Structures are given as C-alpha cells and as structure tokens.
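Colleague: I'm new to this one and would like a close look at a single part of it. Could you start at the tail end of the chain and then work back from there?

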Amino acid sequence: MNLLGALLVAVLIGAMLPLQGLVNARLGVQAGGPVGAAFVSFLVGTAMLGLYLLATRTPLTLQGAAKWPAWIWAGGALGAIYVACFTLLIPRIGAAGMVCLAVLGQVTASLLLDQFGVLQAPKPVDALRILGALLVLAGVVLVVAPWRSPAPGRSSDQTRIGNPR
C-alpha cells in the first residue's frame with residue numbers, strides 16, 4: 001500500500017471511532033453499563049479476529065508466552081479500560097468532544113513516550129511538535145466549548161441516549 005492509501009485508511013479507521021463509541025453507549029444500556037458493553041464489544045471483536053485467523057490460515061504463535069514479560073499483556077487491559085471509559089463518557093461529552101479529548105490525550109502521551117524512549121528509540125520533542133500539540137489543544141477547546149450551555153431541553157448531565165445520570 002502506498003503512503004496516500006495508508007493515510008486514507010488511517011482517516012477511515014479514525015472515522016469509525018465515534019461510531020463505535022455511540023454504538024457501545026447504546027449497547028451499554030442493553031448490557032448493563034459500560035463494562036458490560038466493553039465486554040460484549042471485545043467478545044465480538046475476538047470472534048471476528050478468530051474468524052480472520054481461520055479464514056486466512058494465519059498461525060497464532062504463543063509458544064513461550066509464559067516467559068514473555070508481564071507488561072506485554074497490558075495492551076488488552078489498556079484497550080478494555082479505553083473502550084469502557086469511552087462508552088461511559090461519549091453520551092455525556094458527545095462524539096466529537098470525546099474523540100477530540102481522546103486525541104489530545106494520545107498526542108500528549110505520544111510526545112512523552114517519544115521523548116523518553118518508552119518501548120522504542122527516543123525521538124526528541126521539539127518546538128514544532130509542541131506547536132502541533134498546542135494546535136490540537138486549541139481544536140479541542142473549540143469543539144468541546146465548555147462555555148456553551150447545553151442544547152434546549154437537555155440538562156448538562158443528561159446522556160444522548162435518554163438516561164439521565
């Protein structure tokens with residue numbers, strides 16, 4: 001895949017994130033909350049990945065997994081926390097605000113991980129990269145607009161799926 005194709009796929013995958021959050025928020029109403037929704041979401045995702053591995057005959061190599069460092073398993077735990085929190089917060093913050101805040105957190109953490117070389121070679125943070133993060137922050141402020149009052153007929157803590165909290 002060429003660079004332009006890869007960038008397009010990255011944007012399309014990113015466009016799925018708010019839809020996933022909204023779907024999971026609705027699922028949470030049916031499944032008993034955000035943790036139940038995250039569990040069902042991961043269960044469906046695991047089944048889909050399993051079907052992909054079977055269909056493509058891709059081997060799953062777990063030999064020596066007992067000797068892998070404990071931190072290597074953190075990705076699943078971090079993903080579960082992310083999906084559960086996203087599912088909990090998206091009805092309160094809205095899809096656009098939630099995605100913007102998540103991106104701000106990702107950019108900030110990524111810069112720190114790059115700077116200190118966590119699990120990779122260090123990549124120093126320079127003024128241009130900090131400026132990029134500040135522009136993301138400005139975008140978050142404009143999209144979330146905490147100074148705006150809620151839409152008429154909606155309290156500030158009422159979810160968009162009809163469940164006041």
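Modeller: Let's start with A145, which sits in the segment after α5. Keep in mind that this is a predicted model. A145 has a positive phi of about 40°, although A145 is not a glycine. Most residues other than glycine have a negative phi. As for its surroundings, A145 counts as buried, because its relative accessibility is 3%, and the cut-off for buried is under 20%.

There's another residue with this kind of backbone angle, so let's put it alongside. R57 has a phi near 55°, again a positive value in a residue other than glycine. R57 lies in the loop between α2 (34-56) and α3. Unlike buried A145, R57 counts as exposed, at 76% relative accessibility.

Now back to α5, the helix that A145 follows. Helix α5 covers residues 127-144 and holds R129. The side chain of R129 meets that of D114 in a salt bridge, with 2.5 Å from N to O. That's the whole tally, since the count of salt bridges comes to 1. The pair links distant parts of the chain: D114 belongs to helix α4, and the two residues are 15 apart. Their surroundings go like this: D114 is buried, with a relative accessible area of 14%, while R129 is partly exposed at 22%.

From D114 we can follow α4 into the core. Helix α4 runs over residues 95-116. The largest nonpolar core has 7 residues in all: L17, A25, F86, I90, M98, V99 and A102. Three helices each supply at least two of these residues, namely α1 (3-31), α3 (74-93) and α4. The largest share, 3 residues, comes from α4. F86 is a good residue to click on here: leaving aside residues up to four places away in sequence, F86 touches L17, G21, M98, V99 and A102.

What about the cysteines? There are 0 disulfides in the structure. The sulfur of C85 has its closest cysteine sulfur in C100, but that one is 18 Å away, so it is too far for a bond. C85 counts as partly exposed, with 37% relative accessibility.

While you're looking around, check the aromatic rings too. The count of aromatic pairs comes to 2. One of them is W68 with W73: the ring centres are 5.5 Å apart and the planes are at 25°, so this pair is stacked. Both tryptophans have some surface showing: W68 is partly exposed at 33%, and W73 is partly exposed at 47%.

Finally, let's zoom out and put these pieces in place. The protein chain has 5 helices and 0 strands, and reading along the sequence gives the pattern α-α-α-α-α. Its C-alpha atoms fill a box of roughly 55 × 45 × 35 Å along the principal axes. Of the 165 residues, 18% count as buried, and A145, where we began, is buried. Among contacts between residues at least 6 apart in sequence, 57% join residues at least 24 apart. The accessible surface comes to about 11800 Å², and 73% of that belongs to carbon and sulfur atoms.

Definitions and conventions. Residues numbered from 1 in each chain as written. Predicted model: local features only at pLDDT ≥ 70, side-chain atom pairs only at ≥ 80, totals over all residues. Heavy atoms only, no water. Disulfide = S-S within 2.5 Å. Buried < 20%, exposed > 50% of the residue type's maximum accessible area, 1.4 Å probe, protein only. Core = buried A, V, L, I, M, F, W, Y, C linked by side-chain atoms within 4.5 Å. Helix = DSSP H or I, 4+ residues; strand = E, 2+ residues; numbered from the N terminus. Contact = heavy atoms within 4.5 Å. Areas by Shrake-Rupley, 256 points an atom, 1.4 Å probe, with all protein chains shown as cover. Phe/Tyr/Trp six-rings, centres within 6.5 Å; stacked < 30°, edge-to-face > 60°. Salt bridge = Lys/Arg side-chain N within 4 Å of Asp/Glu carboxyl O.
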